[in-house]
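Subject: A structure for you to look through

Hello,

I am handing over a structure that I have been reading through, and my notes follow below it. Please keep it open beside this message, so that you can look up each place as you come to it.

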Amino acid sequence: DLSKLEKFDDLPINDKLKEILKLSGFTQLTAIQRLGIPALLSGKNVVLRSETGSGKTLTYLVPLLEKLSYHSLNVEKIHRDTGTMAIIFSPTRELAVQIDIELRKLLKLFYYVVPTTLMGGESASREKARLRKGCTVIIATPGRLLYHLKNTQALKLDNLQSLIFDEADRMLDMGFEQEMSACLDLIKKKSPATFTSDEYHSNMRVHFISATMTEQVEGFGSKLMTEYDRIGFNTENAQLQATSMPKQVVQYYMEVPT
């Protein structure tokens, strides 16, 4: 019963993850985490409605780490040679950095999960060197990921399991649809088993995080997934209304004389 979930401790996740969340100061679940984390843990494709400050980053990072740790313990040990298992798309450098910081906080006990960011304005050759060593989770802006998909042989995607699109609506508003489509075409070529076999339905997970559900978002989502759960789009749920300001956001103002 999701209504009874209050704390991260109430979630069906491994003890290491619970310990790290506690150490990082995360105890109480926000409204979107209460709804979103169980949906993502259940292994469904999900389109999640969430605005800034509502705790959306942990909503997808916690299930992702649970999935990776389960894989490493029960399926096959994860190491650098495993290649990339998850890609998180971000519309801006700033958000990519923020996701990277949040993820690294959670990796204290998961030494085998190696994250990296790929984004415009950084040194592409340094990024290539990191990819050659092997990275488990890539956080990327679409343009720079497209560059590496075209030019970096060392980008290994045959074990890819998760695609997460953070602020999907913003990404499409900013005109990234073509670049994202080009990225997806190349990802499908580089991990054919994931996308063409029946295992796709059990192996590959796609998550869209979006403040709005536009036709553009729905259309782009349908290229990747035939079925998905919508979480947080119920208008009766006042806590998640777009018009209400998330409690975690602190606002400041300054009076400026004319």
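A residue is called buried when its relative accessible area is under 20%. In helix α2, the residues that count as buried in this sense are A31, I32, Q33, G36, I37, P38, A39 and L40. Please bear in mind throughout that this is a predicted model, and that what I describe was computed from it.

Staying with α2 (31-41) for a moment, the helix is mostly covered, since eight of its 11 residues are buried. These buried residues pack against β1, α3, β6 (205-210) and β7, and after the helix comes G43, which has a positive phi near 85°.

For the protein as a whole, the secondary structure comes to 11 helices and seven strands, and of its 258 residues 51% count as buried. If you take the contacts with a separation of 6 or more, 70% of them are between residues 24 or more positions apart.

The sheet

The seven strands form an open sheet in the order β3-β4-β2-β5-β6-β1-β7, and their pairing is parallel. Why is one side of β3 and of β7 left without a neighbour in the sheet? Strands β3 (115-118) and β7 (229-231) stand at the edges and each has a single partner strand, so there is no neighbouring strand on the other side. On average, neighbouring strands are turned by 15° against each other, if direction is ignored.

Strand β2 (residues 86-89) is a good place to see how the sheet is put together. A86 and I88 point one way from β2, while I87 and F89 point the other way, and all of them are buried. Four bridges join β2 to β4 (residues 137-140), with the two strands running parallel, and I88 has I139 as its bridge partner there. Strand β2 is also joined by four bridges to β5 (residues 162-165), again in parallel, with A86 standing opposite S162.

Further along, β3 and β4 pair in the parallel sense over four bridges, and here T117 stands opposite I139 in β4. Helix α5 (residues 124-133) lies across β3 and β4, and runs at about 150° to β3.

Two residues in and after β5

S162 is found in strand β5, and its relative accessible area is 5%, so it counts as buried. Apart from its neighbours within four places in sequence, S162 is in contact with L64, K67, M85, A86, I87, M204 and R205.

E167 lies in the loop between β5 and α7 (168-173). Is E167 buried or exposed? Its relative accessibility is 12%, so E167 counts as buried. The phi of E167 is near 50°, a positive value in a residue other than glycine.

The nonpolar cores

In soluble globular proteins, nonpolar side chains tend to be buried together. Here the largest nonpolar core has 41 residues, among which F8, L21 and I88 touch the most other members. At least two residues of this core are supplied by each of α1 (15-23), α2, β1 (46-49), α3 (56-74), β2, α4 (93-105) and β4, and the largest share, seven residues, comes from α3. There is also a second, separate core of 32 residues, which includes L118, I138, L160 and V217.

To follow one of the central members of the largest core, you could select L21: leaving aside neighbours within four places in sequence, L21 is in contact with F8, I13, F26, L58, V62 and L106.

A pair of helices

Finally, please look at helices α6 (residues 142-151) and α8 (residues 177-190), whose axes come within 9 Å and cross at roughly 35°, in a left-handed crossing. Where they meet, α6 contributes P142, G143, L145, L146, L149 and K150, and α8 contributes E179, M180, A182, C183, L186, I187 and K190. Sorted by class, this contact has nine nonpolar, one polar and three charged residues.

With best wishes

Definitions and conventions. Residues numbered from 1 in each chain as written. Predicted model: local features only at pLDDT ≥ 70, side-chain atom pairs only at ≥ 80, totals over all residues. Heavy atoms only, no water. Buried < 20%, exposed > 50% of the residue type's maximum accessible area, 1.4 Å probe, protein only. Pairing = 2+ DSSP bridges. Core = buried A, V, L, I, M, F, W, Y, C linked by side-chain atoms within 4.5 Å. Contact = heavy atoms within 4.5 Å. Axes fitted to C-alpha atoms, helices over the stretch in contact; angles between N-to-C directions. Left-handed = near helix turned anticlockwise from the far one by under 90°. Nonpolar A, V, L, I, M, F, W, Y, C, P; charged D, E, K, R; others polar.
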